[in-house]
Amino acid sequence: MSETIESLLGEGQSFPPPAHFKKTARVVDAEIYDEANADFEGFWARQAADLVDWVEEWHTVLEWDLPFAKWFVGGKLNASYNCLDRHVEAGHGDQVAYYWEGEPGDARAITYAQLLDDVSQLANALKALGVGKGDRVNIYLGMVPELPMALLACARIGAPHSVVFGGFSADSLRDRINDAEAKVLITGDGAWRRGTIVPLKDIADAAVAECPSIEKVLVLRRTEQDVAWSDGRDVWWHDLVPQQSTNCAPEPMDSEDLLYLLYTSGTTAKPKGIMHTTGGYLTQVCWTHKHVFDLQPDTDVYWCAADVGWVTGHSYIVYGALANRATCVIYEGTPDFPDKDRMWQIVEKYKVTILYTAPTAIRTFMKWGAEWPEKRDLTSLRLLGSVGEPINPEAWVWYWKTIGAERCPVVDTWWQTETGAMMISPLPGATTLKPGSATFPLPGIGADIVDDNGKSVAIPGGGYLVLTRPWPAMLRGIWGDPERYRATYWGRFEGKYFAGDGAKRDADGYFWLLGRVDDVMLISGHNISTAEVEHALVGHPAVAEAAVVGKTDATSGQAIAAFVILRNGFEASDALVEELREHVAETIGPIAKPKSILFTEELPKTRSGKIMRRLLKDVSEDHALGDTTTLADPSVVEGIKARYLAQAPDEA
Ligand code: ATP
Ligand code: MG
C-alpha cells in the first residue's frame, strides 16, 4: 500500500533530538515506555497523583467493563481549581496565563490571579442565571479570553459545557444545543474575522428560536454593533458579571462526572456528541502537554494556534495548558490579517517558544512563501507541533527548516476528539523523528495495526489503527446514544477501539498515519490511500495542497479524481495536468495516476481546517452534496462542483 512512504523513508531522513534540546528536556531516554507498559494502570495512577490535586483520593484506578471505562473511581476534584486556584495558592498569581491578541490589534495580558477572579465572577453569574451542577451550558463565542473563562466557569460549578465553534451556522448551533438540551447559551454580539464582524448574536437568535431548553442567553460585548434583544431571555455580560463576587468555591466533582460534550468535526459523518469526564481526562491532558511539549512553565511562552471550539483548544489551550501553569498566547483572528505575517509577528512580539498548529495551516504558509516568516524574528522558538491531519513530509521539512531554522524538534501528534488527549506522538528529548511520522504510541498507550480479521499486522506493514487498552482521557460515550458508541468504536474488532484511520508501521516500528480508511480507494484491485496520492502530488514543486478521492468508474472500479491548489507563481495548464499525472505515476506507480485533476483556489474544509473528502466524492460522482453544516465556507464546494462539471462533463 505504501511505495510513497517507502520512498520517503528511502531518503533516509531522520532527526535525533538535538543536543541543546536534550540538555534540559524532561524525558531523554526510552525507559519510561517500558516502565509504563509493564503496568499501565500503575503508570497513570502515578501521573494522576503527581499532576492533579484531588479533594478526595480514588479507591480504584480503573473499572473496565468493555467498552465502558471508569478511571480513578471514587476520587473527587475540580478542574478549574486545578487550572487556577492551586497556582495562585502556590504564589504564581502574577504569572501571565493568557496573552491575548485581538485581531484589530488590541491586546490583554491576564494573570492567573486575574483569571481566577474573572472565572469566579462568571461562575457566580451562571448560578444567578439558574445554572446548577449537571446542567448543560452551550458556548458560542469567538477567540476572546472570555471563551476559556466560560469553560472554566462551567467546570467550577459542575455544569458540563458544550462549545460550538464560532464559525458554525445557526442550524449547526441549534442541533448541538438541542442534542445537549442546554439551559443557558453564552455568546457575544459578534466576533472579528479578517476585519469583518461575524454576527454571533444574530446567528444565536436564529438558533435559539428553535431551542426550547434555553432559558437565558448571556451576551458578551465585543464588536459593538447594535443587536436584537429579547427582554427576559437575553442578559448583557457587562450588566451581570462584574457585579458578582470574586469568590466562588469550586464544586467537588466525581472523577467520572461529565466535564464536557464536544461534537466531532464531521469530516466523515454527521457529528457525534463526545463525552469527556473529569479525573482521567485531566490526568492525560496534563501529562501529554507537559511531556510532548516539554513544557517549562517558568520560561516557556506556549501558543496553540487552534480554536478553543475544537478539542485541541479544550485540551491544550484550556485544561492541559492551564493545569500545567503554562503562559499561553491566544489570537482572535485569521493568519492573513492584516497581512500574511500575522502569526510570525505574534511569535516575535511574545517571544513564543512552543508553537502548535495544523498541517493545513503549514501548507498555507508554504503557499504564501518563506518571505513572510523571514521578515520576523523567530529565534525564540524551540519546539514545533502539528495536529489534525497526516502531515506530509514536505510540509514537515518546511516547518522544521523555515519556521524552526533546523533547531526545533517537530512533534506530530495523532489523536482525536474521542481520545481527548494525544495518543501517538514523539517525546522530543528522546525520540528520533522521521518527517511525516507521528512515531510511537505514548507511554501507557496501547496501539496496534490490524488486518480485516483484527489480527496484528507484522512489521513492516499496514492496516487499521486500533487502540488496545483503555486510556484515562478516552471518551465515555456518545451523548444520548450508548449503542452508537459501542457500534462505532468497538463493533469492528473484538475488544479493540477502532479509530477509523489507516496506518502503517515501517521496519523500525514507526507509525505512519494514512488517513481515514473510508478514504482508501480500490483502483483496479489495489488499495491506494488518498494520503499517498496527496503526498505524491504535494511533492511536486508546483503544488501547495491536494485532495484526492476515488470516484466510481466502470473500468477500474474506482478512478482517482484530484483537486489541486497551486503554489504562488505557478499557472494552471493542460501541460501541468500531464506533468502532475506523470509525477504521481513515477512516485507511486502508473496505477495511482489521477484520472482527472482540477485546479482550484480552495478546498472544502471544516472549520478546524480538515479537508472534507466525502464532499469532493459527491462532487466527482455528481451526487447531491452530503451534510455541509460543518464546512468553513459552504460556497467553496459549490464553486468546485460547477468547475468540475464544466471541465469534465463526460466523466461526471
Ligand atoms: P468525524 O469523526 O466526525 O469524521 P473528525 O474525525 O475529523 O470528524 P476530529 O476528532 O477533530 O474529527 O479529528 C480526528 C482525526 O483527525 C483522526 O481520526 C485523524 O484522521 C486525524 N488526525 C488528527 N491528528 C492527526 C495526525 N497527527 N496525523 C494524522 N491524522 C491525524
Ligand atoms: Mg473522527
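How far does a polar side-chain atom of K610 lie from an oxygen atom of ligand 1? In this predicted model, the distance is 2.7 Å. Two further residues can be followed in the same way. R516 places a polar side-chain atom 2.9 Å from an oxygen atom of ligand 1, and in the side chain of D501 an N or O atom is 2.8 Å from a ligand oxygen. Of the 640 Å² of accessible area that ligand 1 has on its own, the protein covers 96%.

Now look at the whole shell. Ligand 1 is surrounded by 22 residues, and the closest are T264, T267, T268, T417 and K610. Sorted by character, the shell holds 9 polar, 7 charged and 6 nonpolar residues.

Next, let's visit a pair of helices. Two packed helices are described by the distance between their axes and the angle between them. For α8 (residues 170-180) and α9 (residues 200-208), the axes come within 8 Å and cross at roughly 50 degrees. Angles from 35 to 65 degrees count as oblique, so α8 is oblique to α9. Their crossing is right-handed.

Finally, take a walk through some loops. Most peptide bonds are trans, and most residues other than glycine have a negative phi. With that in mind, find P338 in the loop between β17 (328-331) and α13 (342-350): the peptide bond from F337 to P338 is cis, with omega near -5 degrees. The bond from I459 to P460 is cis too, with omega near -5 degrees, and P460 sits in the loop between β21 (447-450) and β22 (461-467). In the loop between β11 (216-220) and β12 (234-236) you will meet E224, a residue other than glycine whose phi is positive, near 70 degrees.

Key: Residues are numbered from 1 along each chain as its sequence is written. Chains are lettered from A and ligands numbered from 1 in the order in which they are written. This is a predicted model: local features need pLDDT of at least 70, side-chain atom pairs count only at pLDDT 80 or more; totals for chains, interfaces and linings use all residues. Side-chain values use heavy atoms; hydrogens and water are left out. A residue is near a molecule or strand if one of its heavy atoms lies within 4 Å of it. A polar contact is a pair of N or O atoms within 3.5 Å; within protein, one must be able to donate a hydrogen and the other to accept it, and residues adjacent in sequence count only if both atoms are side-chain atoms. Accessible areas come from the Shrake-Rupley method with a 1.4 Å probe; for residues, only the protein chains shown count as cover. Ala, Val, Leu, Ile, Met, Phe, Trp, Tyr, Cys and Pro count as nonpolar, Asp, Glu, Lys and Arg as charged, and the others, Gly among them, as polar. Axes are lines fitted to C-alpha atoms, for helices over the stretch in contact, and angles run from 0 to 180 degrees between N-to-C directions. Helices (H or I, at least four residues) and strands (E, at least two) are DSSP runs, numbered from the N terminus. Angles under 35 degrees count as roughly parallel, over 145 as roughly antiparallel, 65 to 115 as roughly perpendicular and the rest as oblique. A crossing is left-handed if the near helix is turned anticlockwise from the far one by less than a right angle, and right-handed if clockwise.
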